Amino acid sequence: MSRVEEIKNLVEETAVEMEKFYDKGNKAAGTRARKGLQELKKLAQEIRLEIQDIKNKD
C-alpha cells in the first residue's frame, strides 16, 4: 500500500470516530479518534523523514 493510501485510510477511519464523538456524544469514539490522530502524527513524521532521506541522497 502506498503512503498516500495509508494516510487516506487513516483519515477516513479517524473522521468516522470523530463524527461519532462530536455528533452522537460517544465517549469511546473520542478515545479511538485520539488514537487515530496520534497514528496520523506518527505516520506523517515517518513520511517526512523518508522524504528527507530520499531528497538528501540526490
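**Salt bridges across a two-helix chain**

Glu-46 makes a handy starting point: with a relative accessible area of 34%, this residue is partly exposed. The model discussed here is a predicted one. Which residue does Glu-46 meet in a salt bridge? The partner is Arg-3, with N and O 3.7 Å apart. Because Glu-46 sits in helix α2 (residues 27-57) and Arg-3 in helix α1, this pair ties together parts that lie 43 residues apart in sequence.

Arg-3 has another partner, as its side chain also meets that of Glu-6 in a salt bridge (3.9 Å, N to O). Here the reach along the sequence is three residues within helix α1, so Arg-3 and Glu-6 are separated by about one helical turn. As for exposure, Arg-3 comes out as partly exposed, at a relative accessible area of 27%, and Glu-6 is partly exposed too, again at 27%.

Further along, Arg-32 pairs up with Glu-17, and the closest N and O atoms of this salt bridge are 2.8 Å apart. Arg-32 belongs to helix α2 and Glu-17 to helix α1, so parts 15 residues apart in sequence are tied together by the pair. Are these two residues buried or exposed? Arg-32 counts as partly exposed, with 38% relative accessibility, whereas Glu-17 has 14% and counts as buried, because the cut-off for buried is under 20%. Some of the bridges also link up with one another: Arg-3, Glu-6, Glu-46 and Glu-50 are joined into one network by salt bridges that share partners. The structure holds five salt bridges. As a general point, side chains of opposite charge can pair when their charged atoms come close.

Not every charged residue belongs to such a pair. Glu-5, Glu-12, Glu-13 and Glu-39 form a negative patch on the surface. Helix α1 (residues 3-24) supplies the largest share of that patch, three residues, and Glu-12 is found in this helix. Over the whole chain there are 13 positive and 12 negative charges, and their mean positions are 6 Å apart.

Stepping back to the overall fold, the chain has two helices and zero strands. Its radius of gyration is 14 Å, well over the 10 Å that the globule rule gives for 58 residues, so the chain is more spread out than a compact globule. Along the principal axes, the C-alpha trace spans about 50 × 15 × 15 Å. Of the 58 residues, 17% count as buried. About 4900 Å² of the chain is exposed, with carbon and sulfur atoms supplying 55% of that area.

Technical notes:
Residues are numbered from 1 along each chain as its sequence is written. This is a predicted model: local features need pLDDT of at least 70, side-chain atom pairs count only at pLDDT 80 or more; totals for chains, interfaces and linings use all residues. Side-chain values use heavy atoms; hydrogens and water are left out. Helices (H or I, at least four residues) and strands (E, at least two) are DSSP runs, numbered from the N terminus. The radius of gyration is taken over C-alpha atoms; the globule rule is 2.2 Å times the number of residues to the power 0.38. Buried means under 20% relative accessible area, exposed over 50%, partly exposed in between (1.4 Å probe, protein chains only). Accessible areas come from the Shrake-Rupley method with a 1.4 Å probe; for residues, only the protein chains shown count as cover. Lys and Arg count as positive and Asp and Glu as negative; His and the chain ends are not counted. The place of a charge is taken as NZ of Lys, CZ of Arg, CG of Asp or CD of Glu. Patches are made of residues with over 30% relative accessible area and no salt bridge: like charges are joined within 9 Å, nonpolar side chains (Val, Leu, Ile, Met, Phe, Trp, Tyr) within 5 Å. A salt bridge is a side-chain nitrogen of Lys or Arg within 4 Å of a carboxyl oxygen of Asp or Glu.
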